[in-house]
Amino acid sequence: MTSHFLSMNDLSDAELRGVLDAADAFRTGAFRAGADSAKPLAGKTVAMLFEKPSLRTKVSFDVAVYELGGHAVFLSREEVGLDSREPAEDVARVLSRWVAVIVARVFDHRTLERLAAASSVPVVNGLSDVEHPAQALADLLTVRQHHGRLDGVRVAYVGDANNCALSLALGCAATGASFAIASPEGYGFDPERVKAIQERGAGARGGTLRTTAEPRDAVEGADVVYTDVWTSMGQEDETKARREAFDGFVVDEALLAHANPGAILMHPMPAHYGDEVPAGMLEHPQSAAFDQAENRLHAQKALLRLLAGGA
Ligand code: CP
């Protein structure tokens, strides 16, 4: 594999399956009993460079590093001043002298690419404007946890074709799950992203992509109903326009009823209650959102083990 994890496409299908298997072993406690319970990050440090706020990504990576025997150093935007105090390339070159992995959450995906180009240690995408692949690993793990498989599972995504949507769509394409996305006009995947998802699904067991403007069309018969915020971090000045555009794209009990009876509701969180989901919706009996949040830890342990643990 490439040494960086900026995109779901940085993992081959086999590597992705391996990460999900290892994550499942962490989730179920299987690693605790065997030889794999050794601390693969012992004596190693992970730098966590965050330009944006975070709860799940920050804490789950920090706990993952601790549980793997390593040490995490959190670096806020104010402390480091990426491209204001010093260029991203120099930050990557300096951190590479000390740490085993750099996890970075950035506004602009190009910053991640520049960090990766200058770094001699793996760079992990902790969210950019293009992808959120660490989230997608946990998402796929959660689907497998609840449905026992990914191949043939029908995922319906209702909302903005954002970074989470792209990483999840690539992950579904790689694992044989079908992905139907319902977005208002102007908020769907652009043709380049549609092509990338279709190419990822072009293998023997690849999953298919379907786009629609009708939430009910996507959700009918689905095994997973997934939604995310209409306005992501950095888009706050578009809130009013987006609320108007996404009118009719609320994932509520009535929409969920069109999915299969055993369908799960997923959301990467944080939720904007009253926008994409009503208050209380993530506590619905069909909601898997808190398993999904827990699975960030297991998935990231598996990823770090692969990138820096000699797995
Ligand atoms: N889902 C997610 O990445 O959450 P945070 O923004 O809290 O890290």
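**Close-up views of the ligand site and the two domains**

**View 1. Two domains make up the protein chain.** The domain assignment gives domain 1 (8-132 + 296-308) and domain 2 (133-292). Between them, the contact takes 30 residues from domain 1 and 26 residues from domain 2. The C-alpha centres of domain 1 and domain 2 lie 24 Å apart. The model shown here and in the other views is predicted.

**View 2. The ligand sits in the largest pocket.** Both domains help to surround the ligand: the shell draws at least three residues from each of domain 1 (8-132 + 296-308) and domain 2 (133-292).

**View 3. Residues around the ligand.** One run in the shell is Ser54, Leu55, Arg56 and Thr57. Arg105, His132 and Gln135 are also around the ligand. Pro268, Met269 and Arg296 complete the list. By class, the shell has three nonpolar, four polar and three charged residues.

**View 4. Polar contacts to ligand oxygen atoms.** Leu55 uses its backbone: a polar backbone atom is 2.7 Å from an oxygen atom of the ligand. Arg56 uses its side chain, with a polar atom 2.9 Å from a ligand oxygen. His132 also presents a polar side-chain atom, which lies 2.8 Å from an oxygen atom of the ligand. How much of the ligand's surface does the protein bury? Taken alone, the ligand exposes 260 Å², and the protein buries 94% of that.

Technical notes. Residues are numbered from 1 along each chain as its sequence is written. This is a predicted model: local features need pLDDT of at least 70, side-chain atom pairs count only at pLDDT 80 or more; totals for chains, interfaces and linings use all residues. Side-chain values use heavy atoms; hydrogens and water are left out. A residue is near a molecule or strand if one of its heavy atoms lies within 4 Å of it. A polar contact is a pair of N or O atoms within 3.5 Å; within protein, one must be able to donate a hydrogen and the other to accept it, and residues adjacent in sequence count only if both atoms are side-chain atoms. Accessible areas come from the Shrake-Rupley method with a 1.4 Å probe; for residues, only the protein chains shown count as cover. On a 1 Å grid over the protein atoms alone, a cavity is a set of points where a 1.4 Å probe fits but cannot get out, and a pocket is an open set with protein on both sides within 12 Å along at least five of seven lines; lining residues have an atom within 4 Å of a point. A molecule sits in a cavity or pocket if more than half of its atoms lie within 2 Å of its grid points. Ala, Val, Leu, Ile, Met, Phe, Trp, Tyr, Cys and Pro count as nonpolar, Asp, Glu, Lys and Arg as charged, and the others, Gly among them, as polar. Domain bounds come from an automatic or database domain assignment. Contact means heavy atoms within 4.5 Å.
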